[in-house]
Amino acid sequence: MSEQLKIGLVGAGNWGANYVRNLSSLGVFSAVCDLDENRLAKIKADYPTVRTTTSVDELLEMGLDGCVIATHTQAHYEAGLKLLEAGVHCHIEKPLCESSAQALELCEAAESRNLVLMVGHILLYHPAVEFIRGMIESGELGQVYYISATRCNLGVIRRHENVMWSMAPHDISIVQYLLNDDPVSVSATGQSFVQADEGIEDVTHLTLKFADRSMASITSSWLDPEKVRLIKVVGSEKMVVFDDMDPRYKLQVHEKGVDWQKFVEPGSASFLSIRSGDVHIPFVKPTEPLKAECQEFIDCIQTGRTPRSSGRQGYANVKLIELGCESLKGNGTPLMTGL
Ligand SMILES: NC(=O)c1ccc[n+]([C@@H]2O[C@H](COP(=O)([O-])OP(=O)(O)OC[C@H]3O[C@@H](n4cnc5c(N)ncnc54)[C@H](O)[C@@H]3O)[C@@H](O)[C@H]2O)c1
């Protein structure tokens, strides 16, 4: 089925190269647009049947069904709107665009034309995240108290967006997916060191609070000696650690918690008891999340289904970062999300 679809790519840079490989392996890679002629020549050499251009307008003449946009964030909105208005289904990298107003416009452009708008929240296609979601849905973790996420490394330091825009979309998407809800309030702190004059933060701490009192804290840094990709989900019954840097033990389920206990004497006070049990390492079949993400785009075009990482999720994600940045400037003032 997927051979019949023609999918294009706008932006074949560092990350876009992964789309080139995956769209090609799925048999749908039809055309590529990039401002860099050298990049296009290299792709043409590897994939001679793929059409190349430096202009999105020219790409529109190539009869595409869908298109992936993986340029730098600043170019997502203009290219996305142009493609959607021309009736092309769009899959846009994270963050969806630079403002919630632009994100809403993209969503409305897609919805009014019954087109798929998907955003590159790749970790929603990671089998470990799917596994944790299953544990939450089945009640195995109990009530989810909080999620902590840490995403750190040295570089890539972006010049036009701070680290929250660059890295936090992934963790926000995971938190929203796992808790199946949008937060009611946002607050953030952070600091700019390397690009202090430009006020571009290198490290940020974002806190999301939910209506059911659960919360999430998200640390992002591109100024860290170690590459860390760590998510912890703390539930009333069990706790899960997802370490994406650990090649063998990505997931650990801790049978740990704290319970209120009663003394045997009637009328006596309760006390807190620490429960410390086994640690399980569930098997999670290794798959390439980006391939699953590309397959989701294809499936959604073919069936009209809403993608797991929908445009509306992209909108909420952008809105949370926008508010996070506003809170940052106000030294961590909590802001209501209205989501
Ligand atoms: N999902 C992930 O894990 C992940 C990882 C890295 C980057 N990203 C996202 O992917 C996007 C690209 O990041 P990158 O690191 O590959 O950037 P990059 O700078 O390496 O590549 C961007 C490419 O887009 C091209 N380009 C820019 N404007 C264009 C336009 N108007 N028309 C056509 N081509 C244009 C550039 O020539 C360049 O080749 C960003 O949105 C980034 O946030 C996602």
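Which residue in strand 13 is the bridge partner of valine 240? That would be valine 253. This is a predicted model, and here's a quick tour of its open sheet, one helix pair and a couple of cysteines. The sheet is built from 9 strands with mixed pairing, while the disulfide count comes to 0.

**The sheet**

- Reading across, the strand order is 14-13-12-11-7-10-9-8-15, and the sheet stays open.
- The edges belong to strand 14 (270-280) and strand 15 (335-336), each of which pairs on one side only.
- Strand 12 (residues 239-243) runs antiparallel to strand 13 (residues 251-262), and the two share 4 bridges.
- Helix 6 (residues 127-137) packs on the sheet, where it touches strand 7, strand 11, strand 12 and strand 13. The direction of helix 6 makes about 170 degrees with that of strand 12.

**Strand 7 and its two partners**

- Strand 7 (residues 144-154) pairs with strand 11 (residues 223-235) in the antiparallel sense, over 9 bridges.
- Within that pairing, serine 148 has lysine 232 of strand 11 as its bridge partner.
- With strand 10 (residues 215-221), strand 7 pairs in the parallel sense, over 7 bridges.
- Here arginine 151 stands opposite serine 220 in strand 10.

**Helix 5 against helix 9**

- Helix 5 (residues 100-111) packs with helix 9 (residues 311-329) at an angle of about 175 degrees, and their axes are 9 Å apart. Angles over 145 degrees count as roughly antiparallel, so helix 5 is roughly antiparallel to helix 9.
- From helix 5, the contact draws on Ser100, Ala103, Leu104, Cys107, Glu108 and Glu111. Helix 9 meets them with Gly311, Arg312, Tyr315, Val318, Lys319 and Glu322.
- Sorted by type, the residues of this contact divide into 5 nonpolar, 2 polar and 5 charged.

**Cysteines**

- Why is cysteine 33 not bonded to cysteine 67? The sulfur of cysteine 67 is the closest cysteine sulfur to that of cysteine 33, but at 7.8 Å it is too far for a bond, because a disulfide needs the two sulfur atoms within 2.5 Å.
- Cysteine 33 counts as buried, at 3% relative accessibility.
- Cysteine 107, one of the helix 5 residues that meet helix 9, is in no disulfide either. The nearest cysteine sulfur to cysteine 107 is that of cysteine 97, 8.1 Å away.
- Cysteine 107 is buried too, with a relative accessible area of 1%.

How values were computed:
Residues numbered from 1 in each chain as written. Predicted model: local features only at pLDDT ≥ 70, side-chain atom pairs only at ≥ 80, totals over all residues. Heavy atoms only, no water. Axes fitted to C-alpha atoms, helices over the stretch in contact; angles between N-to-C directions. Parallel < 35°, antiparallel > 145°, perpendicular 65-115°, else oblique. Contact = heavy atoms within 4.5 Å. Nonpolar A, V, L, I, M, F, W, Y, C, P; charged D, E, K, R; others polar. Pairing = 2+ DSSP bridges. Buried < 20%, exposed > 50% of the residue type's maximum accessible area, 1.4 Å probe, protein only.
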